[in-house]
Amino acid sequence: MTDASGAIPTGVWWVAAVFGAAALSVLSNWRYGRNIGEISCTYELSYSPSRQAFGIWGLIYAACAATVAGQCITYAAGSPVFASDYGNAFYALAWLCAAFWTPTFTTNTPLSHVCAAAMLCLCAACALAAVAIENTWQPCGTWFRRLLISTPFALLGGWTLAATALSVGIAGRVLDAHPDPPCAELDTPTYRNGLSLLSLPSTWTRPAHWLPVTLATTVAVTCAWTREPIVPLPLAWAIFWMPPNMFNFLGFSALLGASVWSLCFVFTSPCVEPT
């Protein structure tokens with residue numbers, strides 16, 4: 001379907017850009033991602049999450065596929081539901097940053113780790129910009145746009161905030177004057193497997209790091225203020241799988257509270273159309 005002038009809407013091209021950037025991310029991870037675990041293990045942080053946390057990438061990719069397919073199907077059906085051009089553009093740029101992060105990170109030099117951290121920061125900023133542009137969780141928003149468009153944007157933005165914190169920490173370790181020895185723990189089947197906030201109290205022994213709780217508090221306050229319920233959830237997921245301590249528990253609780261507060265606002269606030 002074309003518009004009255006016979007031209008294909010710009011929304012179609014931006015959806016194609018999202019698809020291309022996400023596909024490039026998949027190919028980049030397939031080609032260069034084999035050493036991510038070993039490098040992350042070598043420069044393990046006090047707040048590195050268990051391996052289960054990274055399973056969220058399956059959901060993030062599935063959500064991306066859903067928004068691309070949904071926008072294409074509604075266009076083909078004659079009732080297009082596109083994200084704004086700027087929203088899709090920032091989302092595509094976020095995926096492009098994710099695609100280039102993998103080979104940059106696995107180059108494993110001090111400069112490459114600094115660049116990788118900056119790239120993830122830009123990735124998160126672009127995804128969150130897309131969320132802010134769409135702003136579908138206000139009282140007059142539609143659930144179709146909230147689920148089809150804003151949720152995939154927010155899942156990528158929320159998770160890459162956590163990934164940025166990890167990448168920044170690793171860059172700091174790499175720049176340390178005393179490099180770490182090669183990682184041997186990956187040969188242990190139970191290495192960083194299953195440790196979470198639900199672990200037994202006897203495992204709550206690691207000292208808390210200031211970064212997760214600071215990031216969680218900042219995101220929780222911001223999302224509660226802007227009434228954005230999805231962005232806090234991927235970050236809460238990451239903190240759930242980090243070594244358990246009271247500060248991580250507080251950060252996790254703040255993020256869930258912000259999400260619930262925002263959803264309550266959506267359900268209880270009437271839609272007032274502008275006059």
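Helix α7 gives the most to the lining of the largest cavity, with 3 residues. This is a predicted model, so treat what follows as a reading of computed coordinates. Both α6 and α7 (210-226) put at least two residues each into that lining. The full set is Y47, A162, A165, L211, P212, L215, L235 and M242. Sort them by class and you get 8 nonpolar residues, with no polar and no charged ones.

How much space lies in the largest cavity? About 50 Å³. The structure holds just 1 cavity of 30 Å³ or more. As for how one finds such a thing, rolling a probe the size of a water molecule over the atoms shows where empty space is left.

Now stay on α6, which covers residues 143-174 and includes T164. Is T164 buried or exposed? T164 counts as buried because its relative accessible area is 11%, and the cut-off for buried is under 20%. Skip its neighbours within four places in sequence, and T164 is in contact with A117, L120, C121 and A124.

Time to zoom out to the whole chain. There are 9 helices and 0 strands, so the pattern along the sequence reads α-α-α-α-α-α-α-α-α. Of the 275 residues, 47% are buried. Take the contacts between residues at least 6 apart in sequence: 83% of them join residues at least 24 apart. On the outside, the accessible surface of the chain comes to about 13,500 Å², and carbon and sulfur atoms account for 72% of that surface.

Definitions and conventions. Residues numbered from 1 in each chain as written. Predicted model: local features only at pLDDT ≥ 70, side-chain atom pairs only at ≥ 80, totals over all residues. Heavy atoms only, no water. Helix = DSSP H or I, 4+ residues; strand = E, 2+ residues; numbered from the N terminus. Buried < 20%, exposed > 50% of the residue type's maximum accessible area, 1.4 Å probe, protein only. Contact = heavy atoms within 4.5 Å. Areas by Shrake-Rupley, 256 points an atom, 1.4 Å probe, with all protein chains shown as cover. 1 Å grid on protein atoms, 1.4 Å probe; cavity = no way out; pocket = protein on both sides within 12 Å on 5 of 7 lines; lining within 4 Å. Points joined across faces, edges and corners; volume = space filled by probe spheres on them. Nonpolar A, V, L, I, M, F, W, Y, C, P; charged D, E, K, R; others polar.
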